[in-house]
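User: Hello! I am new to this structure and would like a guided tour in questions and answers. Could you show it to me first?

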Amino acid sequence: MLHIKCPHCGIRSQNEFSYGGDATIKRPELGKEISDQDWDNFVYNRKSLRGKHWELWQHLSGCRQWIKVQRDTATHEIFKTLKANEEIS
Amino acid sequence: MTQSFRLESGGLINRDKKISFKFNGKNYFGYEGDTLASALIANGVHLIGRSFKYHRPRGFFGAGVDEPYAIVQLYRNGETEPNIKATEQELFEGLEAKSVNCWPSVNFDIGAINNFLKIFLPAGFYYKTFMWPKSFWYKIYEPFIRRAAGLGTASIKHDKERYEHKYEYCDVLITGSGPSGLASAYSAAKNGAKVILAEDKSRFGGTLLTSEVNIGNQSGKEWADSIISELKEMPNVTVKNRSQVFGYYDHNMLVMSERISDHLPKTKKFHPKQRLWYIRAKEVLISSGSIERPIVFGNNDTPGVMLSSAAKEYMKVYGVLVGKKPLVFTNNDSGYETAIEFKKNGIDPIILDTRKEPQSEIIEEAKNMNINIKNSYVVVAAQGYKKVKSADIAKISDNKEELGSIENIECDCICVSGFWTPTIHLASQSGNKTKFNEDIDAFVPGISKQNEKTLGAANGIYTLEETLKDSFEKGNQLSKKITNNENKVSFPNVVEKKSTVHDKFWCVPLPKGKNYKRFLDFQNDVAVSDIEIALKEGYRSIEHVKRYTTLGMATDQGKTSNLNGLQLVSKIENKVVPAVGHTTFRPPYSPVSIGAIVGREVGKHSKPTRKSPMHSWHEKNNAVFVDAGVWLRPRYYKRGEENLFEASKREAKNVRTNVGVCDVTTLGKIDIKGPDAAELLNRVYTNAWLKLPVGKARYGVMLREDGIVMDDGTTTRISENHYHMTTTTAQAANVLSHLEYYLQLVWPELNVNVVSTTEQWAGAAIAGPKSRELLKKLFPKSDVTNEGLPFMGYMEGDLFGVKAKIFRISFSGELAYEVNVESDNGYFMWEKIIEAGEEFGIQPYGTEALSTLRIEMGHVAGSELDGRTIPYDNSLEGLLSKKKDFIGKRSLSRRAFAAEDRQKIVGVVPLDKKTSIPEGSHLVKDANAPLPNPKLGYISASCWSVEHDNPFSLAILKDGKNMIGEKLFVMSPLKNKVIPVEIVSSHYVDPKGERVRS
């Protein structure tokens with residue numbers, strides 16, 4: 001079971017969180033024209049990386065904040081966590 | 001029965017306390033501190049079971065967790081448990097155990113015929129033989145194999161015992177209380193670290209209990225005792241015996257099973273039987289020691305052949321002789337220690353050493369004691385069926401390939417030592433990249449992935465002095481980093497006998513003309529010949545060889561067999577062992593009971609149960625409940641002898657003619673506040689929300705980004721910046737997360753707060769033509785006329801002194817209202833509604849009637865919004881705003897979603913107006929078309945229409961909009977039904993929606 005450092009609450013067990021997918025995907029702006037390909041990339045296409053991956057988790061049974069977590073998908077090592085409003089650098 | 005193999009004195013057992021027990025129906029006794037194994041051996045019992053495949057007689061091979069043979073069925077306090085190792089089960093008064101895998105008895109086992117058929121039972125036998133004819137598998141092969149195999153029977157009774165889970169955090173977790181565990185725990189504890197020391201046996205000390213050493217002028221055991229008692233006094237240390245750390249998971253979480261009551265005749269009151277510990281450790285020190293490995297020779301599975309360390313442990317810990325004419329077969333000095341122990345107890349052993357001229361302090365001591373030592377000798381085969389009677393031995397050439405002439409010598413046990421295998425299971429589970437150590441012919445931990453270090457014998461360090469030095473140091477270093485405190489302990493003086501190098505000999509060649517079975521895996525009956533066959537048939541990867549032959553796959557997980565298996569594969573393949581590699585070690589290290597894994601989450605605790613504040617009223621009024629997510633909801637209220645069908649029909653009919661009341665507390669409720677609340681709703685819902693006036697409700701549908709309907713419900717504008725959203729019962733949690741996702745990540749500029757208020761409000765839906773009359777009585781001060789409270793209107797009211805929210809919304813399609821009060825007043829509200837409604841013929845209705853009402857009205861619910869449908873499919877396309885963007889809108893223009901013959905919701909009526917239509921059935925054009933019959937759609941929900949008094953269903957049908965009036969067939973292969981039907985509008989009742997507005 002992973003140990004995830006919530007930037008708001010501190011280190012908590014994985015079972016307090018739920019997974020939310022790739023954190024680098026940006027939702028296209030509302031009302032803006034967008035090609036089928038770009039929309040499909042947003043909705044469906046994911047890289048499924050092996051290695052370092054920025055992903056979203058929600059601290060569901062805690063502060064309910066969505067957070068960004070940099071995790072190695074092969075080793076489960078977690079390098080960094082950010083608040084929702086912090087930019088991935 | 002006398003204990004003819006019990007020594008006069010010695011051992012760590014309590015000879016003042018006799019304990020009686022039963023094995024295979026016979027009475028025996030042992031002493032307090034015995035295991036079932038030691039007590040049986042003391043009584044001269046060596047036949048304990050039958051082997052898995054060939055049903056060969058099985059005795060004892062080890063003295064602890066590594067035991068592959070002595071698995072019994074245990075009976076305790078009226079319960080039975082399989083897969084118990086006799087070498088681990090402590091004796092208690094009244095213990096009863098039976099052999100497994102034998103029928104009719106362990107002495108005469110019919111399955112033993114397999115032994116004579118063994119030529120027919122080679123590796124892969126089951127895969128090859130039972131493949132055809134295919135139809136034989138279920139009826140003949142499988143039942144036969146299941147009966148013949150197996151290691152005991154699981155109880156099908158409810159387990160009365162309690163099992164607990166515990167979460168713990170520590171600085172340093174130490175797994176094993178041998179020399180390395182004690183030393184590292186001691187120095188870590190002295191530095192003030194929070195330490196957990198776990199020992200899987202009942203006694204602390206590991207090999208210190210059996211080795212002839214001296215630490216700081218104390219015997220090994222005395223030193224272990226003093227360290228343990230000091231550790232127990234320290235507030236920062238938890239010391240646990242009977243506790244097996246069996247799994248090493250991500251982020252340094254380890255799981256340990258503590259056996260609290262298994263050694264007692266009965267679990268003490270208020271105690272659990274076992275406790276599972278989830279331990280998050282900053283650092284882990286693995287001090288799990290090593291397991292002696294056997295040397296492979298003919299008939300090496302005969303009862304009486306056992307590990308030499310086990311024979312020594314039985315003498316030194318339990319005061320028990322495993323035999324009176326022992327043969328010690330060794331390739332290293334450990335066998336000598338066992339022989340010396342025999343000699344000290346007045347027994348004359350013979351040592352067969354595969355080495356030519358070994359010299360060391362220990363060997364010198366054995367020679368001085370006049371022990372008969374035969375160098376360059378091997379055991380070719382054990383003789384005897386149910387117990388070793390003699391051994392065929394021979395001289396072996398220097399190249400270890402030629403055997404001299406065979407001699408037969410009498411013996412009653414053969415104690416084998418093939419050197420030591422470090423127990424690297426936990427390190428390997430943690431992700432450690434293990435490496436092969438040539439010096440000890442075994443794998444040791446290499447590069448760590450997590451915060452673990454392996455100490456002592458588990459790391460391939462076999463001298464006490466080096467082990468202690470390293471362990472004191474590691475414990476000190478690691479804890480110092482955590483506590484910033486150093487309190488160095490002085491290193492004690494260590495006296496131990498020096499040993500010399502071992503011989504890398506592991507398998508005795510077969511003598512000419514003999515075809516003895518030479519076993520590698522004792523629990524799964526995998527012999528040398530099986531591995532040879534597997535390799536001949538082309539299996540190369542060790543993982544494949546393992547699965548094909550079942551090597552190392554039994555409950556002992558190959559603790560004694562893995563390395564010899566690897567040696568054999570590498571020899572045949574002409575590779576070095578590290579090139580073959582070992583198979584993956586997976587948790588659990590040793591079997592864990594299902595009860596411990598499940599813990600307290602059994603029965604009604606297996607998931608939380610939510611009840612509405614009106615629950616007790618429903619109970620009193622004969623409600624039959626149904627699970628709705630985690631909620632319990634009344635399905636129907638039973639009157640007299642009614643069944644579900646009759647009751648729900650009555651309840652639904654009463655809503656259509658009089659008035660009914662339904663508990664809708666379970667609906668998800670989300671409170672939304674903030675200046676941008678309307679904007680949020682406008683983006684989340686598909687329809688327009690910016691112009692909804694205060695005091696009005698609106699129905700809305702929300703989509704996922706992929707265009708699929710996520711949920712529906714009504715949201716009411718309570719005041720300028722305050723909305724009350726309702727969701728379906730099932731989607732409540734997901735919708736809240738969905739809103740939070742967009743507010744926190746996508747549109748953080750929106751100034752809105754959302755919070756779940758599902759539990760804060762109790763809700764009652766009042767539905768039916770007489771509901772307004774009832775409402776007038778409930779809220780005499782409020783104007784609830786059609787003008788004062790129109791359809792989709794909202795107002796606050798006073799319910800006999802209780803503040804209430806009144807929504808004019810309808811799921812049943814009738815004139816209807818929903819009244820919400822604070823949860824604490826829910827019961828009061830309900831009683832008042834029932835009381836006031838009596839004159840209008842009010843009846844409570846459950847979820848079944850609720851479904852009937854919405855189905856015949858064509859209102860969609862979870863069975864249509866099933867994660868596969870878009871708004872159009874549910875005839876909700878009228879709610880799609882063309883003027884604004886919303887979540888998921890862009891997806892709706894994908895080609896498939898805009899197809900002309902897109903599926904759409906329709907109504908379905910059987911032509912005979914009688915036959916009920918099973919939910920989930922398929923709709924087809926031609927009932928007699930050849931299979932696979934093209935499917936046009938599926939039945940999503942069925943009911944008995946109370947309005948029309950005939951069956952009615954909703955279906956999602958291809959090209960639904962053009963199918964009205966068509967005649968199709970409903971097919972349900974599950975129920976073996978073919979029903980001719982007519983497709984009608986999904987709005988079967990009041991298609992214009994006049995009633996809700998009346």
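Analyst: Gladly. Two strands pair if DSSP finds at least two bridges between them. Helices (H or I, at least four residues) and strands (E, at least two) are DSSP runs, numbered from the N terminus. This is a predicted model, in which local features need pLDDT of at least 70 and side-chain atom pairs count only at pLDDT 80 or more, while totals for chains, interfaces and linings use all residues. Residues are numbered from 1 along each chain as its sequence is written, and chains are lettered from A and ligands numbered from 1 in the order in which they are written.

User: In what order do the five strands of the open sheet in chain B lie?
Analyst: The pairing in this sheet of chain B is mixed. Strands S2 (26–32) and S6 (79–85) of chain B are its edges, each pairing on one side only. The twist averages 35° from one strand to the next (axes are lines fitted to C-alpha atoms, for helices over the stretch in contact, and angles run from 0 to 180 degrees between N-to-C directions). The order is S2-S1-S7-S5-S6.

User: Which residue is the bridge partner of B:Tyr75 in S6(B)?
Analyst: Strand S5 (residues 71–76) of chain B pairs with S6(B) in the antiparallel sense, over five bridges. Within S6(B), the partner of B:Tyr75 is B:Thr80.

User: Why is strand S14 of chain B said to be largely enclosed by the rest of the structure?
Analyst: A residue is buried if 20 or more other C-beta atoms lie within 10 Å of its own, exposed if 12 or fewer, and partly exposed in between; C-beta atoms are placed from the backbone. Strand S14 (residues 253–259) of chain B is largely enclosed because the buried residues number six of its seven.

User: Which residue takes a positive phi in the hairpin of S13(B) and S14(B)?
Analyst: Strand S13 (residues 243–249) of chain B runs antiparallel to S14(B), joined by six bridges. B:Tyr249 stands opposite B:Met253. The hairpin has three residues between the strands, and the one with a positive phi, near 55°, is B:His251.

User: And over how many bridges do S14(B) and S15(B) pair?
Analyst: Strand S15 covers residues 274–286 of chain B and pairs with S14(B) in the antiparallel sense. One bridge in S15(B) matches B:Arg259 with B:Gln274. The count of bridges is seven.

User: How many residues of H23(B) are buried?
Analyst: Helix H23 (847–857) of chain B is mostly covered. Its buried residues include B:Leu850, B:Leu853, B:Ile855 and B:Met857. They pack against strand S33 (631–637), helix H18 (644–657), strand S34 (660–663), S47 and S48 of chain B. Of the 11 residues in H23(B), the number buried is eight.

User: How far does H18(B) reach from its first C-alpha to its last?
Analyst: H18(B) has 14 residues. Its expected span is 1.5 Å times one less than its number of residues, and the model comes close to the expected 20 Å. What covers its buried residues includes H23 and S47 of chain B. The reach is 20 Å.

User: Which residue follows B:Leu931 through a cis peptide bond?
Analyst: Most residues other than glycine have a negative phi, and most peptide bonds are trans. One cis bond joins B:Pro587 and B:Pro588, with omega about 0°. The other bond you ask about has omega near -5° and leads from B:Leu931 to B:Pro932.

User: Is B:Asp949 buried or exposed?
Analyst: The phi of B:Asp949 is near 55°, positive in a residue other than glycine. B:Asp949 lies in the loop between S47 and strand S48 (950–957) of chain B. With 10 C-beta neighbours inside 10 Å, B:Asp949 counts as exposed.

User: How many residues of chain A are in contact with chain B?
Analyst: Two residues are in contact if their C-beta atoms, placed from the backbone, lie within 7 Å. Chain B brings 20 residues to this contact, and helix H20 (residues 732–746) of chain B gives the largest share of that side, six residues. On the side of chain A, the number is 17.
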